[in-house]
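Open the structure in your viewer, keep the sequence panel beside it, and follow the stops below in order.

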Amino acid sequence: MARVGTEKLRKKELIDATIKSIENHGFQGTTILTISRQANMSAGIISHYFGSKQGLILATIRHLLEELRQGLLQQISSSEQPVTPELRLQMIVDTNFACFQQSTSVTRTWLCFWAQALHDPELARLQAVNSKRLLQNLLYSYRQIIPNKEKAFLAANMTAAMIDGLWLRSSLSSTSQDEFKKAEQLCKQFITSQCQLGNKL
């Protein structure tokens with residue numbers, strides 16, 4: 001049992017080291033050597049646990065995706081008030097603009113991931129999973145508010161585009177903290193407007 005716990009801890013440390021290495025060296029500049037040095041582990045440990053740098057990169061992206069998923073589940077389970085469809089939509093925004101998602105190392109990792117996904121089929125597949133999950137989460141709640149299926153789908157697509165686009169713009173801003181706050185507010189205001197329209201239909 002202790003060995004399983006140690007393996008899990010080491011994998012997490014290597015993932016954290018990968019995120020930090022991407023922050024410092026970029027995607028192309030990140031190597032098994034830069035990661036192992038950041039983690040204070042031997043390069044052989046990476047091969048042992050992940051097979052290659054590519055395997056570790058994929059595990060790192062899956063970790064970020066899981067953080068998003070768990071973040072939403074945590075908000076829902078810990079809510080002290082009934083989770084209405086509109087509140088759930090607001091929680092999705094909260095999750096995507098959480099402090100973890102705003103950290104310099106994570107934002108740079110996401111940016112490098114999106115750029116590299118244009119050339120790497122496996123990363124492109126993970127990006128497709130990410131986009132589909134966000135859209136489905138939004139659509140699940142909108143369908144309970146907006147009776148018209150096509151209008152609900154449009155609202156979900158527009159909200160997803162706002163979340164991704166405003167997050168991207170904020171991450172590239174020199175005043176990113178302020179921009180992230182404004183972006184989160186804009187997304188929530190848009191959701192409120194869509195819900196108000198839906199309730200009138």
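Leaving aside its neighbours within four places in sequence, which residues is Gln 90 in contact with? Select Gln 90 in this predicted model and display what surrounds it: setting aside the neighbours within four places in sequence, Gln 90 is in contact with Lys 188, Ile 191 and Thr 192. Gln 90 itself belongs to helix 5, which covers residues 85–96, and Gln 90 is buried, with a relative accessible area of 13%.

**The whole chain**

Now zoom out and colour by secondary structure, and the protein chain shows 10 helices and zero strands, so that, read from the N terminus on, the elements run α-α-α-α-α-α-α-α-α-α. Taken along the principal axes, the C-alpha atoms fill a box of roughly 60 × 40 × 30 Å. Of the 201 residues in the chain, 41% are buried. Among the contacts with a separation of 6 or more, 65% are between residues 24 or more positions apart.

**Helix 1 and a buried threonine**

Select residues 2–29, which form helix 1, and pick out Thr 18 within that helix. Is Thr 18 buried or exposed? Thr 18 counts as buried, because its relative accessibility is 0%, below the 20% cut-off used for that word. With its neighbours within four places in sequence left aside, Thr 18 is in contact with Ile 35, Leu 56, Ile 57 and Thr 60.

**Helix 2 and the loop after it**

Go on to residues 32–39, helix 2, where Thr 34, Ile 35, Ser 36 and Ala 39 are buried. Just after helix 2 comes Asn 40, which lies in the loop between helix 2 and helix 3 (43–50). Although Asn 40 is not a glycine, its phi is positive, at about 60 degrees. At 71% relative accessibility, Asn 40 counts as exposed, in keeping with a cut-off of over 50% for that word.

A short step further along, Gly 44 can be selected in helix 3, where it counts as partly exposed at 43% relative accessibility. Draw a distance from the C-alpha of Gly 44 to that of Leu 33, and the two are 9.9 Å apart in space and 11 residues apart in sequence.

**Where helix 4 meets helix 7**

Show helix 4 (residues 53–78) together with helix 7 (residues 104–117), which pack at an angle of about 115 degrees with their axes 11 Å apart. Helix 4 passes helix 7 in a left-handed crossing. Which residues of helix 4 meet helix 7? They are Ile 61, Leu 64, Leu 65 and Leu 68, and on the side of helix 7 they meet Val 106, Thr 109, Trp 110 and Phe 113. Sorted by class, this contact has seven nonpolar residues, one polar residue and no charged ones.

**The nonpolar core**

Next, display the side chains of the largest nonpolar core, which has 53 residues; the members that touch the most other members are Leu 14, Leu 89, Phe 97, Trp 110, Leu 123, Leu 138 and Tyr 142. Helix 4 supplies the largest share of this core, with nine residues. In soluble globular proteins, nonpolar side chains tend to be buried together. Centre the view on Leu 123, and, not counting residues up to four places away in sequence, you will find that Leu 123 touches Phe 27, Ile 57, Leu 58, Ile 61, Phe 113, Gln 116 and Ala 117.

**The end of helix 9**

Move to Ser 171, in helix 9, which spans residues 149–171. Ser 171 counts as buried at 15% relative accessibility, and, with residues up to four places away in sequence not counted, Ser 171 touches Thr 107, Leu 111 and Phe 180. A distance drawn from the C-alpha of Ser 171 to that of Val 106 gives 9.9 Å, although the two residues are 65 apart in sequence.

**Last stop: the cysteines**

How many disulfides does a search of the whole structure find? That search finds zero. Cys 187 is in no disulfide, and the nearest cysteine sulfur to its own, that of Cys 195, is 13 Å away; Cys 195 likewise is in no disulfide. Both can be selected for a final look: Cys 187 is buried with a relative accessible area of 0%, and Cys 195 counts as buried at 1% relative accessibility.

Note on methods
Residues are numbered from 1 along each chain as its sequence is written. This is a predicted model: local features need pLDDT of at least 70, side-chain atom pairs count only at pLDDT 80 or more; totals for chains, interfaces and linings use all residues. Side-chain values use heavy atoms; hydrogens and water are left out. Axes are lines fitted to C-alpha atoms, for helices over the stretch in contact, and angles run from 0 to 180 degrees between N-to-C directions. Helices (H or I, at least four residues) and strands (E, at least two) are DSSP runs, numbered from the N terminus. A crossing is left-handed if the near helix is turned anticlockwise from the far one by less than a right angle, and right-handed if clockwise. Contact means heavy atoms within 4.5 Å. Ala, Val, Leu, Ile, Met, Phe, Trp, Tyr, Cys and Pro count as nonpolar, Asp, Glu, Lys and Arg as charged, and the others, Gly among them, as polar. A nonpolar core is a set of buried Ala, Val, Leu, Ile, Met, Phe, Trp, Tyr and Cys residues joined through side-chain atoms within 4.5 Å. Buried means under 20% relative accessible area, exposed over 50%, partly exposed in between (1.4 Å probe, protein chains only). A disulfide is a pair of cysteine sulfur atoms within 2.5 Å.
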